Amino acid sequence: MKIEKLNENSLKKYINDMELDYKLNISRGYFGIKKDDKFICGYDFSTDWIDVSFKKDVDQDTVKETLNFLKNEISPDKSLVVEVVKTRVINIMNKLYETKEAAVSKRINNIHGDFVMKEKVVVFKDLKIKYFDIDNNISCDLKEQNMENEEVINYLDKYFTSLKVSVINFIVSSKCLDYIKNLGYEEGIMKYIVD
């Protein structure tokens with residue numbers, strides 16, 4: 001395997017090898033990983049993690065081999081945090097690695113309103129929990145607010161559902177992921193620790 005920084009010359013091959021049906025923004029640093037001279041994966045850096053995209057037909061062995069290669073190349077002395085979004089890759093990653101955090105969603109209805117982002121607060125017992133109401137969608141980062149209590153999560157789920165919003169989105173730590181999935185939330189964006 002080898003890492004190749006994508007540029008105008010390599011972008012077309014990357015799009016073909018990865019079977020992408022959209023244009024890729026390479027204005028920032030985006031890298032591809034080649035195996036047997038074909039791109040099988042791409043990634044870019046965020047603040048504390050890398051965002052990884054795999055080819056559509058990726059299998060478990062390729063994911064593991066690629067992430068071990070990346071860890072050794074990028075972060076040999078400490079854990080590598082990897083974010084993925086495709087359901088197939090999430091299912092593979094769930095078998096292989098420890099979940100760090102997850103963005104989960106639950107669709108309530110298809111009502112659409114004006115696109116206005118408002119920061120709001122829910123008060124539960126002595127807690128003030130911040131969230132955003134964006135175009136009738138709720139987004140609440142529980143991990144950032146150190147909220148892992150099942151009673152709080154259950155209250156927020158019922159409260160947001162009662163608002164008759166379209167979608168409820170939470171970012172949660174791995175400690176409460178199973179509980180929130182049992183409430184009907186689906187994994188959308190996952191971060192994993194690759195040791």
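Begin the tour by selecting Glu19, which sits in the loop between helix H1 (8–18) and strand E2 (30–35). Helices (H or I, at least four residues) and strands (E, at least two) are DSSP runs, numbered from the N terminus. The model is predicted, so local features need pLDDT of at least 70 and side-chain atom pairs count only at pLDDT 80 or more, while totals for chains, interfaces and linings use all residues. Residues are numbered from 1 along each chain as its sequence is written, and side-chain values use heavy atoms, with hydrogens and water left out.

**The whole protein**

Zoom out for a moment. The protein comprises five helices and 11 strands. Along the principal axes, its C-alpha atoms fill a box of roughly 55 × 35 × 25 Å. Of its 195 residues, 43% count as buried. Buried means under 20% relative accessible area, exposed means over 50%, and partly exposed lies in between (1.4 Å probe, protein chains only). The accessible areas come from the Shrake-Rupley method with a 1.4 Å probe, and for residues only the protein chains shown count as cover.

**First stop: a patch of negative charge**

Return to Glu19, which counts as partly exposed because its relative accessibility is 40%. Add Asp57, Asp59 and Asp61 to the selection: together with Glu19 they gather in a patch of negative charge on the surface. Patches are made of residues with over 30% relative accessible area and no salt bridge; like charges are joined within 9 Å, and nonpolar side chains (Val, Leu, Ile, Met, Phe, Trp, Tyr) within 5 Å. Lys and Arg count as positive and Asp and Glu as negative, whereas His and the chain ends are not counted. The place of a charge is taken as NZ of Lys, CZ of Arg, CG of Asp or CD of Glu.

Next, select Lys55, in the loop between strand E4 (50–54) and helix H2 (60–74). Is Lys55 buried or exposed? Its relative accessible area is 15%, so Lys55 is buried. Show Asp17 as well: Lys55 and Asp17 are 38 residues apart in sequence, yet 7.8 Å apart in space, C-alpha to C-alpha.

**Second stop: salt bridges**

A salt bridge is a side-chain nitrogen of Lys or Arg within 4 Å of a carboxyl oxygen of Asp or Glu. By this rule the count comes to 11 salt bridges. Select Lys34 and Glu4, whose side chains meet in a salt bridge (3.1 Å, N to O). This pair links distant parts of the chain, for Lys34 is in strand E2 and Glu4 is in strand E1 (residues 2–5), 30 residues apart. Lys34 counts as buried because its relative accessibility is 9%.

Now add Asp37. Lys34 forms a salt bridge with Asp37 too, with the closest N and O atoms 3.6 Å apart. At 51% relative accessibility, Asp37 counts as exposed. Glu4, Lys34 and Asp37 are thus displayed together, linked in a network of salt bridges.

Move on to Lys143 and Glu101, where the side chains meet in a salt bridge (3.5 Å, N to O). Here again distant parts of the chain are linked: Lys143 is in the loop between strand E9 (137–141) and helix H4 (150–162), and Glu101 is in strand E6 (residues 98–107), 42 residues apart. Lys143 is partly exposed, with a relative accessible area of 28%, whereas Glu101 counts as buried at 13%.

**Third stop: the two sides of helix H3**

Select helix H3 (residues 87–96), and colour its buried residues: Val89, Ile90, Ile92 and Met93. Why do they line one face of the helix? Seen down the axis of H3, the buried residues fall within an arc of 165°, so they line one face. The arc is that of the directions from the helix axis to the C-beta atoms. An α-helix has 3.6 residues a turn, so residues three or four places apart point the same way. On the other side of H3, Thr87 and Lys95 are exposed.

**Last stops: two asparagines and a lysine**

Select Asn136, in the loop between strand E8 (127–134) and E9. Asn136 has a positive phi of about 70° although it is not a glycine. Asn146, in the loop between E9 and H4, likewise has a positive phi, of about 55°. At 68% relative accessibility, Asn146 counts as exposed.

Finish at Lys181, in helix H5 (residues 177–182). Lys181 counts as partly exposed, at 32% relative accessibility. Show Ser105 beside it: Lys181 and Ser105 are 76 residues apart in sequence and 9.2 Å apart in space, C-alpha to C-alpha.
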